[in-house]
Each structure stands twice: as C-alpha cells, then as structure tokens.
Amino acid sequence: MNKRILVIGGAGYIGSHMVKMLADLGTSVIVLDNLTTGYADAARYGKLVIGDTADRLLLERLFTEHTFSGVMHFAAFSQVGQSSQHPAMYYRNNVINTMNVLDAITSHGSPPLVFSSTAAVYGEPRQIPIPEAHPLSPINPYGNSKLMVETMLADYEQAYGLRWAALRYFNAAGADPAGELGERHNPETHLIPLCLQVAADLRPHLAVYGDDYPTPDGTCIRDYVHVEDICSAHLLALRHLQAGGISRPWNLGNGTGFSVAEVLDTVRAITSAALPFEVVARRPGDPAILVANASDIQQRLGWDPRYPDLETIIRHAWQWMRNTG
C-alpha cells in the first residue's frame with residue numbers, strides 16, 4: 001500500500017477522507033479533482049491536480065508521469081433529483097468521463113480500480129436487507145449511470161483485463177473522528193447534515209418528506225454508514241484486487257436501519273437543539289426502507305465497521321461542524 005494511488009474526486013466528501021486515510025498509512029497520493037463540488041483544502045493530504053476526467057490528455061499525462069498501484073474513483077455526480085432534471089449532465093460525467101478513466105487505466109498497465117457505486121442500482125427493493133444478487137432496476141438517471149459503469153467494468157475486464165471493485169454505498173454519513181474533515185455539499189441534501197444545520201441555526205427548520213410510510217413511526221428508514229468505514233472498505237477492496245482477488249460489486253451498509261424520526265431524536269439528544277421540522281409531501285421514488293446486506297464483504301474481506309451506531313456517526317459530524325464554525 002506504500003505505492004502511489006490516484007484518487008479521482010479526492011477533494012470531495014468521501015474522497016478527501018480516503019486521501020487522509022491513505023496518507024496516514026504512508027501512501028503517496030495524487031488527487032485529481034475539478035473542484036466543482038470539492039474543496040482544495042480538503043485534498044491537503046495528497047498532491048492536488050486540478051483537472052477534469054473529461055480531459056483525456058490530462059489523464060494520459062498523469063498515467064504517463066506516474067505509475068499507480070491503484071485508482072479510486074469518487075468523481076460522480078450523485079443527486080437523484082438533479083439527475084432527473086439534468087440527465088445529460090449525469091450521463092456525460094458519470095458514464096462518458098468514467099470511460100475516459102477506464103481507457104487511461106487499461107492503456108497503462110491496468111492498475112486495479114475501486115469504483116464508488118450506489119444502492120440506487122437496485123431501484124425499488126424487493127427484499128430487505130438487500131443483497132448484491134438483488135435485481136438491478138434503477139428508477140432514476142443517477143442509478144442508471146452507475147449501473148452503466150458497472151456494466152462497463154465487467155466488459156473492460158473481459159476485453160482488457162481490468163481488475164475492479166464496485167462498492168455500492170447505502171447512506172454515507174459522519175465525519176473524520178479527528179474533526180479535520182466533514183461533509184459540505186452545496187446545496188446540502190443529506191439528512192444528517194441538514195439536521196445539524198438546523199441545530200446550529202444555519203437554517204430555520206427541516207423538511208421531513210412524508211410520515212405515512214409503512215414503518216414503525218411512519219418515516220423512511222435508511223442504512224447509515226460512517227465515512228471512515230467506507231474508506232476502510234476501499235482499502236480492503238484494493239488490497240483484495242492487488243492480491244489477485246476477483247472483481248465484483250460489494251454492498252456497504254451496517255445492516256441496520258434508522259428512521260428519519262430516530263435521526264431527529266438522536267440529533268436533539270446530542271445537540272440539545274429543538275430541531276423544528278415540517279412534514280411535506282413524499283419525494284417520488286423514495287422507498288420506505290433501504291437496508292443493506294453487507295455480509296459478503298464482511299465475511300470475504302474482513303470488513304468490520306468501526307462506527308456502526310447512529311450516535312457516533314452524528315457526534316462526529318457535529319464535532320466537525322462546530323470546528324468549522
């Protein structure tokens with residue numbers, strides 16, 4: 001793991017945590033990020049190259065100048081609603097630009113690739129918890145774009161020898177336990193940071209999208225995974241590929257779901273804030289429950305989430321928000 005790693009999208013939320021983890025292990029890291037949604041200061045643990053995966057000449061230069069022992073790809077657009085409004089933007093960045101990356105990899109020795117995929121490839125769940133063998137039926141352009149890339153990965157392996165892992169995230173959450181990095185999307189769409197912004201008086205109230213779901217308290221249930229645990233899964237997946245392990249997708253989740261109401265209650269307990277909210281209409285395509293079956297990566301790669309409990313996830317996110325003022 002001491003060889004050079006290319007982290008694409010390493011100035012963003014999950015990518016920046018990955019870069020720090022790699023650097024802490026003594027790994028040399030090159031970060032490629034166009035800073036559209038990332039921040040230069042978040043990539044400070046690696047060498048930042050500002051550029052875009054649409055730039056094939058830049059990719060060629062990076063792979064010619066450096067020998068990478070692995071590539072990690074975090075550079076996709078990821079907002080479901082936005083993908084429905086602007087599908088061309090999602091297919092261009094998430095699919096076409098990723099093909100540019102795959103072409104560069106396979107033209108320069110085919111270092112293994114760990115790709116950020118998503119539970120959105122499953123669509124409406126037919127069983128809970130969701131295993132990797134669940135039918136793949138995305139219901140939005142974002143999920144479609146990720147599934148297209150997963151299909152390309154398998155085809156590139158068959159034709160060109162690409163070695164890959166696609167990690168299907170459920171709900172990434174939390175922040176660096178040391179408080180140095182955290183989640184800062186603009187606009188913010190994720191539940192936990194939105195709750196913390198209300199607690200910090202940065203927004204007046206929270207919108208709860210429906211309270212009449214077939215769940216114990218009527219609100220949606222989601223599987224939250226600490227960002228540090230997501231990064232540790234990337235390390236295990238990369239080591240697995242470097243050791244000659246098979247290419248395949250893996251779910252990343254804790255196998256335990258928490259409802260929107262439970263998240264609000266936990267944020268109130270941690271922040272001592274009232275956390276006012278307004279119940280609004282359901283969002284189209286929001287399943288009642290999304291919980292992962294991640295037993296495969298736990299059993300086969302030894303992934304053991306260090307921060308599975310909701311309270312710790314929220315405490316770390318709150319600590320980072322307070323540190324940043």
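Biologist: Which strand holds Ile30?
Modeller: The model is a predicted one. In it, residues 29–33 form a strand, and Ile30 lies within that run. The element is strand 2.

Biologist: Is Ile30 buried or exposed?
Modeller: The cut-off for burial is under 20% relative accessible area. Ile30 has a relative accessibility of 3%, so the residue counts as buried.

Biologist: Which residues does Ile30 touch, leaving out those up to four places away in sequence?
Modeller: A contact needs heavy atoms within 4.5 Å. One group of partners is Arg4, Ile5, Leu6 and Val7. The others are Lys47, Val49, Leu62, His66 and Phe68.

Biologist: How far apart in space are Ile30 and Leu62, C-alpha to C-alpha?
Modeller: Leu62 is among the residues that Ile30 touches. In sequence the two are 32 residues apart. Their C-alpha atoms are separated by 9.1 Å.

Biologist: Which residue in strand 4 does Leu6 stand opposite?
Modeller: Leu6, also a contact of Ile30, falls in the range of strand 1, residues 5–8. Strand 1 pairs with strand 4 in the parallel sense over four bridges. In strand 4, the residue opposite Leu6 is Val71.

Biologist: What is the bridge partner of Met72 in strand 5?
Modeller: Strand 4 also pairs with strand 5, residues 113–118. That pairing is parallel and has three bridges. The partner of Met72 there is Val114.

Biologist: Which residues of strand 4 are buried on each side?
Modeller: In a regular strand, side chains alternate between the two faces of the sheet. Strand 4 spans residues 70–73, and both of its faces are covered. One side has Gly70 and Met72; the other has Val71 and His73.

Biologist: What radius of gyration does the chain have?
Modeller: For 325 residues, a compact globule would be expected near 20 Å. The C-alpha atoms fill a box of roughly 55 × 40 × 40 Å along the principal axes. The chain agrees with the globule estimate, because its radius of gyration is 19 Å.

Biologist: What share of the contacts with a separation of 6 or more joins residues 24 or more positions apart?
Modeller: The chain has ten helices and 14 strands, and buried residues make up 55% of its 325 residues. Of the contacts at a separation of 6 or more, the share from residues 24 or more positions apart is 78%.

Biologist: How far apart do the centres of the positive and negative side chains lie?
Modeller: The chain carries 24 positive and 32 negative side chains. Taking each set as a whole, the two centres are separated by 5 Å.

Terms used: Residues numbered from 1 in each chain as written. Predicted model: local features only at pLDDT ≥ 70, side-chain atom pairs only at ≥ 80, totals over all residues. Heavy atoms only, no water. Helix = DSSP H or I, 4+ residues; strand = E, 2+ residues; numbered from the N terminus. Rg over C-alpha atoms; globule rule 2.2 N^0.38 Å. Buried < 20%, exposed > 50% of the residue type's maximum accessible area, 1.4 Å probe, protein only. Lys, Arg positive; Asp, Glu negative; His and termini not counted. Charge placed at Lys NZ, Arg CZ, Asp CG, Glu CD. Pairing = 2+ DSSP bridges.
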